[in-house]
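Let's take a walk through a protein model and see how its charged side chains pair up. Have the sequence and the 3D view handy.

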Amino acid sequence: MTLGKERVAVIGTGGTFAMYGRHEFDWVEYSESGIVRPIEELIAMLGELTTAVEIVPISFRLLGSTGIVPQDWLELAQLIIHTAKNDPTLTRFVITHGTATLEETAWFLSLVLPKELNVVVTGAQRPENTAGSDVKANLRAALAVVSCTKSQHFGVTVVMDNTIFSARDVVKASSFELAAFEAPMYGPLGVVDAEARVHWRRYVPSNAQARIDFNKLSRSELPRVDIVPSYAGADEVMINACVAAGAQGLISSGLVPGRPANGETSALRSAVAEGIVVVQSSRGPRGHVPVQDFLLRDGILAGGDLAPNKLRILLMLALAVGVKRDELQDFILDF
C-alpha cells in the first residue's frame, strides 16, 4: 500500500482493452490474434497513468464481451462486493470491459452494487498495440473519474473517449469509431479534459431505493427474459419460440411509436394469459412508452424510456427478487 494515495481496484474482464492486434492498423479483426492479456500484465505495460492513485489490478475474465452471460454479471458483482468487504480501503473500482455488452454490464452493476461503492466501467475501441489506441487514454480518464469525490453521487458510470455517461442512459452507437458511445435521450454527465480534470455538466443523484438487494439473488442463474424485435411483417413465431424456451418475461422491442407489429399482438396477449410478464418498449434510440389504454387492455406493462436491453436486465432482476406482479409497473417506471 502506498501511503497517502487513494487505492483503486482495476478489474480486467478482457475485451478489446486486453487484446493484441496482428498489425498496426488491425482495428477490426484483432481477436484473430488469439492474444488477450491479463490486466496485471497490461497495466505494467502501460506505464505511469496517474500519480494520484495506487492501482490494484484484479483479473476476472479474459474474453470478448460478445461472450458475456448473466452468470458473469453475478460473479463480477460478487467479486466487487467481496473485494470491498475483505479490504475496506478498496471502495473505488474501474472495470475494463469489451464494448459490445459494456452498457449491459454497467447497468446490471448499477442495480445491484451497494451505494457506497464507486464504480466506473471503461473499455477500448482499438487494441493497445495498434495506431491511435484509446486503451491508455480511457483508463486514465476512468481513474480520474473514479477518484473524483463527486462521482460517488452518480452511481455506476461509463467513461469512454473522455466522456462520462450514466450506466442507465449509455448506448454503443458505432462499431469502430473512438467516440462510439452516446446517451441519446439525456446526454452525457460530463467530460474529462486533457489534464485529467473532471467536469460534471449534468447532475443525476443516485437513488438508494432504486437498487436490487444482491443478497436476494441466486448465484447460479437469473430468470430467462427474452427480447422480441418488431419490424414490418413480424409475426408470432419468435414470441412462441421464446415462450416454448421457458421465458418468464418478454420485452417487446416495438416499432418507434412504442407498439408491436400487428402480427405480434395476438401472441403477446397469449403470453400474458400464460403468466409471462410482457413489457412494451421501443426500438428507437429516444423511444418512450408510457402507460396507455391498449397496454392496459392486453395486460402488458409500459417500459418508459429504458432501452430494450436494459429493460430485460431490470425485469430479470425484478423477477429474481420476487417483485409482485401488481407492483411491477411502478417498479419499472421508477428507474
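Is Arg92 buried or exposed? With a relative accessible area of 11%, Arg92 is buried, because buried means under 20%. Keep in mind that this is a predicted model.

Now for the company Arg92 keeps. Its side chain meets that of Glu6 in a salt bridge. Glu6 sits in strand E1 and Arg92 in strand E3, 86 residues apart, so the pair links distant parts of the chain. Glu6 itself is partly exposed, at 33% relative accessibility.

Side chains of opposite charge can pair when their charged atoms come close. The structure holds 14 salt bridges, and here are some of them:

| Pair | N to O distance |
|---|---|
| Glu6 and Arg92 | 3.2 Å |
| Arg61 and Asp72 | 2.9 Å |
| Arg269 and Asp298 | 2.9 Å |

Take Arg61 and Asp72: Arg61 lies in strand E2 and Asp72 in helix H2, so this pair ties together parts 11 residues apart in sequence. Arg61 is partly exposed at 23%, while Asp72 is buried at 9%.

Arg269 belongs to helix H6 and Asp298 to helix H7, so their bridge ties together parts 29 residues apart. Arg269 is partly exposed at 42%, and Asp298 is buried at 16%.

Some charges team up in a bigger group: Arg168, Asp169, Arg202 and Asp305 are linked in a network of salt bridges.

Elsewhere, Asp326, Glu327, Asp330 and Asp334 form a negative surface patch. Glu327 is in helix H9 and is partly exposed, at 42% relative accessibility.

Note on methods: Residues numbered from 1 in each chain as written. Predicted model: local features only at pLDDT ≥ 70, side-chain atom pairs only at ≥ 80, totals over all residues. Heavy atoms only, no water. Patch = residues over 30% accessible without salt bridge, like charges linked within 9 Å, V, L, I, M, F, W, Y side chains within 5 Å. Areas by Shrake-Rupley, 256 points an atom, 1.4 Å probe, with all protein chains shown as cover. Salt bridge = Lys/Arg side-chain N within 4 Å of Asp/Glu carboxyl O. Lys, Arg positive; Asp, Glu negative; His and termini not counted. Charge placed at Lys NZ, Arg CZ, Asp CG, Glu CD. Helix = DSSP H or I, 4+ residues; strand = E, 2+ residues; numbered from the N terminus. Buried < 20%, exposed > 50% of the residue type's maximum accessible area, 1.4 Å probe, protein only.
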